[in-house]
Amino acid sequence: MNKLKCINSLTWGITFLCLLPLSVFAKITHGPYLQAVGENEVTIVWTTDNPCVSWVEVAPAGDESFYAKERPSFYQTRDGNRVTGKLHKVRVTGLTKGTEYRYRIFSKEVLRYRGQHDVLYGKVFSSDVYNRAPLRFTTIDDKKESLSFVVVNDIHGRIDDLKALCKPVRYGETDLMIFNGDMVSFMIDETDFFAGFMDEAVKMFAGEVPVFYARGNHETRGAFNMSFSDYFPSATGKLYYSFRQGPVHFIVLDSGEDKPDSDIEYSGLAQFDAYRSEQCEWLKQDMQSESFRTALYRVVVVHIPPFGDWHGQIDVREKFLPILHQAGITVMLCGHLHQYIYTEPDNRTHDYPIVVNAHNTSLEIHADANGMNVKHQDTSGKELHSYTYRKKD
Ligand SMILES: [Fe+2]
């Protein structure tokens, strides 16, 4: 090769490298995980390191190859457009209740987007359905005869405790998982909660076992808290919501912050008193629902307990308890105090027990027509306390 040819080859090589899209490095960075699982829908969430348009393919449960036929695709859309970005939350609808499905996620990198007809796409990548079994989920079902779920709270980014406490969580055995607040200490950016607990939850179960989240006061801290519901969407779009799975009607409340709204710590940005009042109105309506009225058990999940002398605790006590008292609540599950407290029913203020789970223990709960059993366990799986509630009339 003479010198001229060599220079030409080098020039072409450099040009070729420059033309190569950066998309070869695009990848899924977090997830996928399930959110807002309903009787007829589910939302699947994941992130990518570069902007993408994303979709989910859904197949029935069973042994048929995922490649047997073209599967229906679901896109994230807004105002008639397929959404592009790095956060992907695809709502899959039209499902049948109490039914298992398999799914596969796709992202196609958007290298350039200057208008509807000027889009340059990069690489398409997907979850693996060839070397491993496709991910699964099961829609919820109010007629399901039994229900098993696990509650953890106040993990504050302690991955080892999360791993130990979630060891028993398995698809097919655990219907759902509840994170009852303070899973991290701050919400500065998405790295806080992915590194703090969610990546590990995805590794263990969250791609197949749905997580229902009750926000804690620490999840309100940091500018990224405003994005919380983007990453953990509920069926109602609010951070307080209810859902029914089998014999249990769940009411998830957001207790907000623990100090008065005017505290210096909140820099003039807190308005949780009004927010808790707003939830009272919703709560009264929810308790009129058929789901609430026909459930064998009614479980209230709220991070801050209604006892203690900090403002958040007082406001939860004064606002929520009068509505819930003598309304057929089975148990209230709380966290926040980093210690286990079991409070017996009190006929004046709360005619149901209030359980405060510790930061390093879990509640493993099974409910069926015979009763609702709650096991309080430590990180080794040792049972510390167990009790069974019977159906209230
Ligand atoms: Fe807390």
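A residue is counted as buried if 20 or more other C-beta atoms lie within 10 Å of its own, the C-beta atoms being placed from the backbone. The exercises below concern a predicted model.

**Exercise 1. Determine how many residues of strand 1 are buried, and describe how strand 1 is joined to strand 2.**

Solution.
1. By the cut-off of 20 C-beta atoms within 10 Å, six of the eight residues of strand 1 are buried. Strand 1 is thus described as mostly covered.
2. Strand 1 and strand 2 run antiparallel and are joined by five bridges. Within this pairing, Gln35 has Thr43 of strand 2 as its bridge partner.
3. The two strands form a hairpin, with six residues between them. In the turn, Ala36 has a positive phi of about 45 degrees.

**Exercise 2. State which domains are assigned to the protein chain, and describe the side of domain 1 that touches domain 2.**

Solution.
1. The domain assignment gives domain 1 as residues 24–138 and domain 2 as residues 147–389. Their C-alpha centres lie 28 Å apart.
2. The contact involves 16 residues of domain 1 and 17 residues of domain 2.
3. On the side of domain 1, two or more residues each come from strand 1 (28–35), strand 2 (42–60), strand 6 (84–92) and strand 9 (135–138). Strand 1 gives the largest share, six residues.
4. Sorted by class, this side of domain 1 holds nine nonpolar, five polar and two charged residues.

**Exercise 3. Find the order of the strands in the open sheet of six strands, and identify its edge strands.**

Solution.
1. The order is 13-14-15-16-18-17, and the pairing is mixed.
2. Strand 13 (241–245) and strand 17 (341–343) each pair on one side only, which makes them the edge strands.
3. Direction ignored, neighbouring strands of this sheet are turned by 15 degrees against each other on average.
4. At one edge, strand 13 pairs with strand 14 (residues 248–252) in the antiparallel sense over five bridges. Here Arg244 stands opposite His249 of strand 14.

**Exercise 4. Classify the packing of helix 5 against helix 7, and list the residues that make the contact.**

Solution.
1. Helix 5 (residues 272–286) and helix 7 (residues 311–324) pack at an angle of about 10 degrees, and their axes are 10 Å apart.
2. Angles under 35 degrees count as roughly parallel; therefore helix 5 is roughly parallel to helix 7.
3. Helix 5 contributes Asp273, Arg276, Ser277, Cys280, Leu283 and Lys284, while helix 7 contributes Asp315, Lys319 and Ile323.
4. These contact residues divide into five charged, three nonpolar and one polar.

Key
Residues numbered from 1 in each chain as written. Predicted model: local features only at pLDDT ≥ 70, side-chain atom pairs only at ≥ 80, totals over all residues. Pairing = 2+ DSSP bridges. Helix = DSSP H or I, 4+ residues; strand = E, 2+ residues; numbered from the N terminus. Axes fitted to C-alpha atoms, helices over the stretch in contact; angles between N-to-C directions. Parallel < 35°, antiparallel > 145°, perpendicular 65-115°, else oblique. Contact = placed C-beta atoms within 7 Å. Nonpolar A, V, L, I, M, F, W, Y, C, P; charged D, E, K, R; others polar. Domains from an automatic or database assignment. Buried ≥ 20, exposed ≤ 12 C-beta atoms within 10 Å, placed from the backbone.
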